[in-house]
Amino acid sequence: MLREGVEAALVVGILLAYLTQLGRREDFKYVWWGTGTAAGLSLAIGWVIYSTIGELDQTDERIAGGIVAFAACALLTWMIFWMAKQSRSIKPALHSKLDHAVATGSALAIGSVAFVAVLREGLESALFLISTTVGDTGGRGLLLGAVLGILTAVGIGYLIYRGGTRLNLRMFFRVTGMLLVFFAAGLVSKGIHTLQVAGAIPVIIEHVWDLPWADPSRSLFWSFAAGIFGWSSDPSLLMVLGYFGYLVPVSIKLWGATKPAPKPVEAASSEVPVG
């Protein structure tokens with residue numbers, strides 16, 4: 001939620017700061033209308049999906065939970081690489097869109113810039129939270145973590161707007177992107193486990209290892225590791241293969257995609273000293 005919140009707050013902060021530079025602070029309300037509408041719509045859609053899954057019988061709920069986990073992983077993977085690519089150009093791109101909206105004098109156009117960006121992050125957030133709560137009893141802890149992440153993101157967004165920080169976006173999205181790859185790998189493992197419990201896919205080897213002392217239900221640390229990184233104290237073979245089959249190639253690709261651009265080599269001077 002911190003990562004998703006920062007992406008949304010980054011957009012809103014850049015828009016507000018640019019409107020201030022243009023002397024158009026009276027247009028702030030359109031940005032806030034777009035932001036609020038997107039947040040409300042995301043909550044509504046998320047609640048509908050969550051309620052629909054909750055109305056299913058146990059087997060169908062597990063199958064739906066597994067499908068949601070895979071869908072969230074796919075969306076998360078796309079978002080990680082999209083943001084890694086956009087981190088260097090997001091500011092001028094937003095300025096260009098806002099310039100066009102201001103030039104047309106359309107309040108709807110100004111609000112839609114914020115609406116589209118925040119709605120994308122809001123729907124992703126809703127899907128990720130649903131994928132972690134299906135079949136889980138730690139609802140209060142998940143909610144607390146989500147709220148803390150959002151509040152921290154709001155603070156970062158305010159600093160971006162005030163210009164009080166020079167956030168290295170490339171490094172921020174590289175580090176958080178790598179953490180989210182582990183989270184997405186956990187979603188793959190959880191999706192496989194959920195479908196195996198539902199009987200939709202075979203187990204093959206039930207337990208590759210069995211570590212009772214690392215059971216997430218008995219330890220706060222291992223519970224955190226299970227929720228964030230997909231740890232299991234007794235995974236099946238398919239869970240392990242799915243986890244590392246996703247983690248290794250995606251980590252390598254992301255690390256290469258977020259490398260700093262090579263510094264240009266200065267050409268040697270062709271001037272010949274005259275003596």
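Q: Over the face of which residue does Lys253 lie?
A: The model is predicted. A charge counts as sitting over a ring if the Lys NZ is within 6 Å of the ring centre and within 35 degrees of the ring normal. Lys253 is placed at 6.0 Å from a ring centre, over the face of Phe81.

Q: How far from the ring centre of Tyr30 is the charged end of Lys29?
A: Here the ring belongs to Tyr30 and the charge to Lys29. The charged end of Lys29 sits over that ring. Its distance from the ring centre is 4.7 Å.

Q: How many helices and how many strands does the chain have?
A: The pattern along the sequence reads α-α-α-α-α-α-α-α-α. Strands number zero. The count of helices is nine.

Q: What percentage of the chain do buried residues make up?
A: Buried means under 20% relative accessible area. The chain has 275 residues. The buried share of them is 41%.

Q: What span does helix α1 reach from its first C-alpha to its last?
A: Helix α1 covers residues 2-21, which is 20 residues. At 1.5 Å a residue, 28 Å is expected. The helix is close to that, reaching 28 Å.

Q: How many of the 20 residues of α1 are buried?
A: The rest of the structure largely encloses α1. That follows because the buried residues among its 20 number 17.

Q: Which residue with a positive phi follows α1?
A: The phi in question is near 70 degrees. The residue that carries it, after α1, is Gly23.

Q: Which residue other than glycine has a positive phi near 65 degrees?
A: Most residues other than glycine have a negative phi. The residue sought lies in the loop between α7 and α8. It counts as exposed because its relative accessibility is 60%. With phi near 65 degrees, it is Ile204.

Q: Are the rings of Trp209 and Trp231 stacked or edge-to-face?
A: The count of aromatic pairs is six. The ring centres of Trp209 and Trp231 are 6.0 Å apart, with planes at 20 degrees. Planes under 30 degrees apart count as stacked, and over 60 as edge-to-face. The pair is therefore stacked.

Q: How many residues apart are Trp209 and Trp231?
A: Trp209 is in the loop between α7 (169-197) and α8 (220-229). Trp231 is in the loop between α8 and α9 (237-257). The pair links distant parts of the chain, and its separation in residues is 22.

Q: What is the relative accessible area of Trp231?
A: Trp209 is partly exposed, at 29%. Trp231 is also partly exposed, with a relative accessible area of 24%.

Q: Which residue forms a tilted aromatic pair with Trp231?
A: The two ring centres are 5.0 Å apart and the planes are at 35 degrees. Ring pairs link a cluster that includes Trp213 and Phe221. The tilted partner of Trp231 is Trp222.

Q: Which helix gives the most to the nonpolar patch?
A: The patch covers about 270 Å² and is made by Leu41, Ile45, Ile49 and Leu123. Ile49 is partly exposed, at 32% relative accessibility. The main contributor, with three residues, is helix α2.

Q: How far apart in space are Tyr158 and Ala17, C-alpha to C-alpha?
A: Tyr158 is in helix α6 (residues 139-162). Its relative accessible area is 49%, so Tyr158 is partly exposed. In sequence, Tyr158 and Ala17 are 141 residues apart. In space, their C-alpha distance is 9.9 Å.

Q: Is Glu121 buried or exposed?
A: Four salt bridges are counted. Arg120 and Glu121 meet in one of them, at 2.9 Å, N to O. Arg120 is partly exposed, at 24%. At a relative accessible area of 3%, Glu121 is buried.

Q: What is the N to O distance in the salt bridge of Asp215 and Arg218?
A: Asp215 is partly exposed at 21%. Arg218 is exposed at 64%. Their side chains meet at an N to O distance of 3.9 Å.

Q: Which residues do salt bridges that share partners join into one network?
A: Asp27 and Arg24 meet in a salt bridge of 2.8 Å, N to O. Asp27 is buried at 5%, whereas Arg24 is partly exposed at 23%. The network joins Arg24, Glu26 and Asp27.

Definitions and conventions
Residues are numbered from 1 along each chain as its sequence is written. This is a predicted model: local features need pLDDT of at least 70, side-chain atom pairs count only at pLDDT 80 or more; totals for chains, interfaces and linings use all residues. Side-chain values use heavy atoms; hydrogens and water are left out. Rings of Phe, Tyr and Trp (its six-membered ring) pair if their centres lie within 6.5 Å; planes under 30 degrees apart count as stacked, over 60 as edge-to-face and the rest as tilted. Helices (H or I, at least four residues) and strands (E, at least two) are DSSP runs, numbered from the N terminus. Buried means under 20% relative accessible area, exposed over 50%, partly exposed in between (1.4 Å probe, protein chains only). The expected span of a helix is 1.5 Å times one less than its number of residues. Patches are made of residues with over 30% relative accessible area and no salt bridge: like charges are joined within 9 Å, nonpolar side chains (Val, Leu, Ile, Met, Phe, Trp, Tyr) within 5 Å. Accessible areas come from the Shrake-Rupley method with a 1.4 Å probe; for residues, only the protein chains shown count as cover.
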